Amino acid sequence: MRGSAVFHILLLCQCCTWAHSEADNDAAQTLDQGLQAEIQGVETNQAENTKQINNTVDLWAELKELRDMTIELKTDLKHYLSRIEKLEEEKLDLEVRISSAEKEMEEIKSENADQPKVAFSLGLTNAGRLGPYNTDITLRFSKIFKNYGQAYNPDTGVFTAPVRGAYYFRFTFCEVNNAHWMGIHLYHNSKIIMTNYDRSNTYYETMSNGVILELERGDVVYMVLQAPYTVYDDHRNYSTFTGFLLFQL
């Protein structure tokens with residue numbers, strides 16, 4: 001009996017020892033897990049702090065870049081505004097010049113509207129040679145290229161000035177065959193203004209001349225073939241007479 005009791009007491013003590021040992025192990029394991037959790041928490045906080053710091057640095061870098069872009073845009077905007085202002089000034093100047101030019105054009109149109117349109121361009125004939133005649137004859141240019149204002153009369157061969165002004169006249173005459181001479185007068189009213197002579201030293205010979213005359217309204221200008229000279233013309237229009245009003249006086 002005594003031995004059995006001792007055995008039971010020893011067994012109980014061993015069980016207590018085992019129980020205490022298992023409890024210590026559990027406590028140590030729990031403590032270790034807590035420490036690891038705290039370490040992981042610290043590491044997580046550090047990582048988050050590092051991330052926040054990096055994010056802050058990136059944000060400042062972006063803000064700096066945005067500021068630089070803003071400064072550059074302000075500079076460009078100032079340049080473009082200055083350019084726009086200059087273009088507006090140029091536009092205003094151009095508008096003034098255009099307005100002035102339009103006004104001058106209207107004045108010119110008004111002046112031209114008041115000034116009669118007088119111009120003629122004529123060919124002599126398709127008949128070939130005219131002359132020689134026993135007396136001087138007024139040449140009647142029968143081929144009318146243009147006759148603005150109808151101041152030239154092909155029936156009489158006479159140009160009559162419709163207004164007082166400065167007029168320009170020009171003529172060209174032709175002859176063929178060196179056996180013939182050309183002799184021409186240009187008349188203003190009854191006064192000879194020019195006389196031209198020439199001989200056809202080659203098969204075709206031409207002579208030309210021109211003059212500006214001051215004419216009163218009603219004055220006449222005409223070409224006269226002198227006796228016993230000749231001139232030549234055909235469908236190729238070798239002999240022509242031209243005149244027009246330069247300006248009124």
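## Fold, core and surface of a predicted model

In the protein chain, residues 24 or more positions apart account for 73% of the contacts with a separation of 6 or more. The model is predicted. Its secondary structure comprises 1 helix and 13 strands, and the order from the N terminus is α-β-β-β-β-β-β-β-β-β-β-β-β-β. Of the 249 residues in the protein chain, 24% are buried. About 17,400 Å² of the protein chain is exposed, with 55% of that area supplied by carbon and sulfur atoms.

The largest nonpolar core has 30 residues, and those touching the most other members are Phe-159, Phe-169, Phe-173 and Phe-241. The strands in the table each supply at least two residues of this core.

| Strand | Residues |
|---|---|
| E1 | 119–123 |
| E7 | 165–176 |
| E8 | 181–188 |
| E10 | 204–215 |
| E11 | 220–225 |
| E13 | 240–248 |

Leaving aside residues up to four places away in sequence, Phe-173 touches Leu-124, Leu-139, Phe-141, Met-182, Ile-184, Glu-205, Thr-206, Met-207, Met-223, Val-231, Tyr-238 and Ser-239.

On the surface, Leu-59, Trp-60, Leu-63 and Leu-66 make a nonpolar patch of about 440 Å². Leu-66 belongs to helix H1, which covers residues 2–114. Leu-66 counts as partly exposed because its relative accessibility is 48%, and the partly exposed class lies between the buried limit of under 20% and the exposed limit of over 50%.

Conventions. Residues numbered from 1 in each chain as written. Predicted model: local features only at pLDDT ≥ 70, side-chain atom pairs only at ≥ 80, totals over all residues. Heavy atoms only, no water. Patch = residues over 30% accessible without salt bridge, like charges linked within 9 Å, V, L, I, M, F, W, Y side chains within 5 Å. Areas by Shrake-Rupley, 256 points an atom, 1.4 Å probe, with all protein chains shown as cover. Salt bridge = Lys/Arg side-chain N within 4 Å of Asp/Glu carboxyl O. Helix = DSSP H or I, 4+ residues; strand = E, 2+ residues; numbered from the N terminus. Buried < 20%, exposed > 50% of the residue type's maximum accessible area, 1.4 Å probe, protein only. Core = buried A, V, L, I, M, F, W, Y, C linked by side-chain atoms within 4.5 Å. Contact = heavy atoms within 4.5 Å.
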